[in-house]
Amino acid sequence: MTVERRDYFVDVVLPLALPNLYTYRVPQALNDQILTGQRVIVQFGKNKLYSAIVARVHSDVPKYTAKFIENIIDDKPVVTEKQLAFWDWMAQYYMCTRGEVMIASVPTGLRLSSETKIVLSSSWDGLRDTLDDESYSLVEALELRNVLTLEDIEAILDRKTVYPLIRKLIDADVLMVYEEIKERFRPKYESYIVLSERYSVEEELKKLFDRLEKKAFRQLEALMAFLHLSGKYSGVESPVKRADLISELKGESGALNSLLKKEVLIQTEVEVSRIKKTGVKTHEATLSEHQSKALDKIQSDFKEKNVVLLHGVTSSGKTEVYTRLIGEQLNARKQVLFLLPEIALTTQLIVRLQKHFGDAVLIYHSRFNEQERVEVWNEVRKEKPCVVIGARSSMFLPWGDLGLVIIDEEHDPSFKQQDPAPRYNARESAIWLSRLHGAKTLLGSATPSVESYYNAKHGLYGFAELHERYGGAVLPEIIVADIKEATRKKLMKSHFSPLLVERVTEVLKNGEQVILFQNRRGFAPSIECQSCGHIPHCIRCDVSLTYHKHSNQLKCHICGYATSQPQQCEACGTTDLKLKGFGTEKIEEELSIVFPEARVARMDLDTTRGKYSLQRIIDDFETGKTNILIGTQMVTKGLDFGNVALVGILHADQVMNYPDFRAHERAYQLMAQVSGRAGRREKKGEVIIQTFNPHHFVIECVIKNDYNAIYHSELADRMEFHYPPFYRVMRVTIKGKEATLVDNGSHHLATQLRQHMGARVLGPEYPSVSRVRDEYLKNILIKFEREANSAKWKEIIGKLIVDFKTHPDFKKLRLVVDVDPA
Ligand code: ADP
Ligand code: ZN
């Protein structure tokens, strides 16, 4: 009798930047367990173990002697076939390796390797009865030593295949993967109160009023206070923070507790970052006529197109339209991905969506720790209907039945990953992901990217519009303050024009709020010696150092280098140093001098590093604890405050002098978006733009809210200078510690490229910042026609890059490819 003995091989993706997949052999004993998408343990390099993902199972004998895989970690695949296809596409399109895509995709909690550090899970219940002997001894070892690497564990258990056991214990929440970056803040829970579904019906509520009036007057008072705070009678209903309600009730919680006990009101615990299991659902708001029309248009366009662009002015109620579409998908038991710029992922929005979808809402972004990421990963993997609200990395989740992708603020530059590879654009990638799943994509923005608008106008995408703000709110009036004139006449009060001072004073007097936008953080962007003109620069980068008053330091905003503020000029030794320019920190200080009675908050990278600090700033502004919010572009994104009467843009010229072909597009987007924060309810808002160029074309477009004018002017420029949407752009950056080598290397590569692509190749040239972290940089720009077969070009470029990397003269250089740079 002969038994067929087949030899199986697997091609795996290793979490390393390897150009090819690696092939291993499957031990016969594992033949009927091996599956695509599973994690396997393999040895790679000298004695290093990694968990790799099986991309293909086959019986083609490789040319080299394949090593055996050590073991299989999972019973079921953790990565789906569609994900693998997505990784392939991304690696090919963005010219990187599948290993790099894998690292970006899979939470480290799922990427065990010999160096992975394991600790006891902070939420383990400590019950040992259920542990087997090996697990027991492992727990004991961890109690003694706190942290163990997988190598340590192999030694303790005296065997090589510990991964499956570790995985089981991680799943059982006994162990977890240790993170180097520890959370600086403990999670903060907040209690929110909502009206129960039963009493959301007007009639029931009236009956309840009558009953309480007779028997429980205190409870009636508490209920009224709740309804008032929830905005029930002003049209915009939202959950009420328990703390706010209690303070409204003068610290008395008895009546509130009775209402909770009777389930008139319902309390839920919301963890600010990790909002789950809230189960709150209330009834839906009715769409306005405009919203209904836009929704209909989107739905009918989806019948013919995969992608639709919703162009809706700020505060037109786009979120409400999204909500309907999400609801439809969940009813059809499908999954939805709702992508947002990281910074727009605030509780404001999350609470709004939870009101509609309760438990089905999952959140995924970089402020999450690994444990939390793995949890969301597993939830999505179960193919349950859900809506994931997330930043760009959430598109890498193991989608089962994806029905819809929404990309809000689709124009936002933060959808582009700059570093490390994959340097992907989340908007374009999500459109591809959606197509892979046979799903639809909705792009939304008040200021669409030129590319998306072009696609919509040329029939590639569907198109819907919302011209009006919701609830009859009108767009703010935009006024220009000529600071050249004001400076000449010596009328400026620090960096505020007389007009801005007057308006801020007025607005504060009315008890309303102000948002001020300044696109630079820190105190002053540079200090200059008054006698010799020397400006201190970063020792590693080619940029001037920014002065931070709070820490009394000079800091590099590129590499983070910091040094104490010098008393004398480093060059000539005199002490006559002058601060030049201004950042958010300086404005904050000046505000406290010019408006001593105002409470000011600052929102920029420096004040929002903690996990909850951003939320705190938003909460304080929302509840009126602060009157003026000063910030960088963070204040432009998605915030919805009802009481903001005035927005000030302190230095518009700075926004427009961006060294990039998207300068005008970006400047328009920033100014229009920040203006959109003003007057979002009944009262008309006001925007003051301070500038040296009151007649600048971009400013005129912002004033007239004329997106079309900026779009057409941009389009003409893009056509003339060969940029998207007409041309595709790729940037190759050569980096190295020796300037001449960088020169020679980049010149060599450019010459090679030119032989194949001719005038499509530009440069090499120094970028505006030509040295970063002690490395010199030189860019080669490649532009080719949109209709061209880009795969063909990429193949040629890819080959030349491999030649370059293996060229003996250029071993010391690094090379970075950026496809569709932003
Ligand atoms: P956008 O996302 O277009 O800037 P939002 O969705 O934030 O606008 O809507 C602006 C404001 O109007 C929000 O406070 C929102 O709650 C309110 N709103 C929008 N549509 C409705 C509706 N149909 N019913 C009640 N309130 C609405
Ligand atoms: Zn630096």
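A residue is taken as buried under 20% relative accessible area, as exposed over 50%, and as partly exposed in between. On this scale K207, with a relative accessible area of 45%, is partly exposed. E204 also counts as partly exposed, at 21% relative accessibility. The structure described here is a predicted model.

The side chains of these two residues interact. E204 forms a salt bridge with K207, in which the closest N and O atoms are 3.6 Å apart. Both residues belong to helix α6 (residues 202-215), where a spacing of three residues places them about one turn of the helix apart. A search of the whole structure yields 49 salt bridges. Beyond isolated pairs, a network of salt bridges links R39, D74, D75, R167 and D171.

A further salt bridge joins K416 and D818, with 2.6 Å between the closest N and O atoms. Because K416 is located in the loop between β16 (402-408) and α14 (426-436) and D818 in strand β34 (residues 814-819), this pair ties together parts that are 402 residues apart in sequence. K416 has a relative accessible area of 3% and is therefore buried. D818 is likewise buried, with a relative accessible area of 3%.

D640 and R680 form another salt bridge through their side chains, with an N to O distance of 2.6 Å. Distant parts of the chain are linked by this pair: D640 is found in the loop between β27 (628-631) and β28 (644-649), and R680 in the loop between α21 (663-675) and β29 (686-691), 40 residues apart. D640 has a relative accessibility of 18% and so counts as buried. R680 is also classed as buried, at 10% relative accessibility.

Both members of this pair recur in the description of ligand 1. The ligand is surrounded by 18 residues, of which T286, Q291, S315, R352 and D640 are the closest. By class, this shell comprises five nonpolar, seven polar and six charged residues. Helix α11 (residues 318-331) makes the greatest contribution to the shell, supplying three residues.

Three arginine side chains place an N or O atom at short listed distances from ligand oxygen atoms. For R352, the separation from an oxygen atom of ligand 1 is 2.9 Å. The corresponding distance is 3.2 Å for the side chain of R680 and 3.4 Å for that of R681. Of the 560 Å² of accessible area that ligand 1 has on its own, 91% is covered by the protein.

Methods:
Residues are numbered from 1 along each chain as its sequence is written. Chains are lettered from A and ligands numbered from 1 in the order in which they are written. This is a predicted model: local features need pLDDT of at least 70, side-chain atom pairs count only at pLDDT 80 or more; totals for chains, interfaces and linings use all residues. Side-chain values use heavy atoms; hydrogens and water are left out. A residue is near a molecule or strand if one of its heavy atoms lies within 4 Å of it. A polar contact is a pair of N or O atoms within 3.5 Å; within protein, one must be able to donate a hydrogen and the other to accept it, and residues adjacent in sequence count only if both atoms are side-chain atoms. Accessible areas come from the Shrake-Rupley method with a 1.4 Å probe; for residues, only the protein chains shown count as cover. Helices (H or I, at least four residues) and strands (E, at least two) are DSSP runs, numbered from the N terminus. Ala, Val, Leu, Ile, Met, Phe, Trp, Tyr, Cys and Pro count as nonpolar, Asp, Glu, Lys and Arg as charged, and the others, Gly among them, as polar. A salt bridge is a side-chain nitrogen of Lys or Arg within 4 Å of a carboxyl oxygen of Asp or Glu. Buried means under 20% relative accessible area, exposed over 50%, partly exposed in between (1.4 Å probe, protein chains only).
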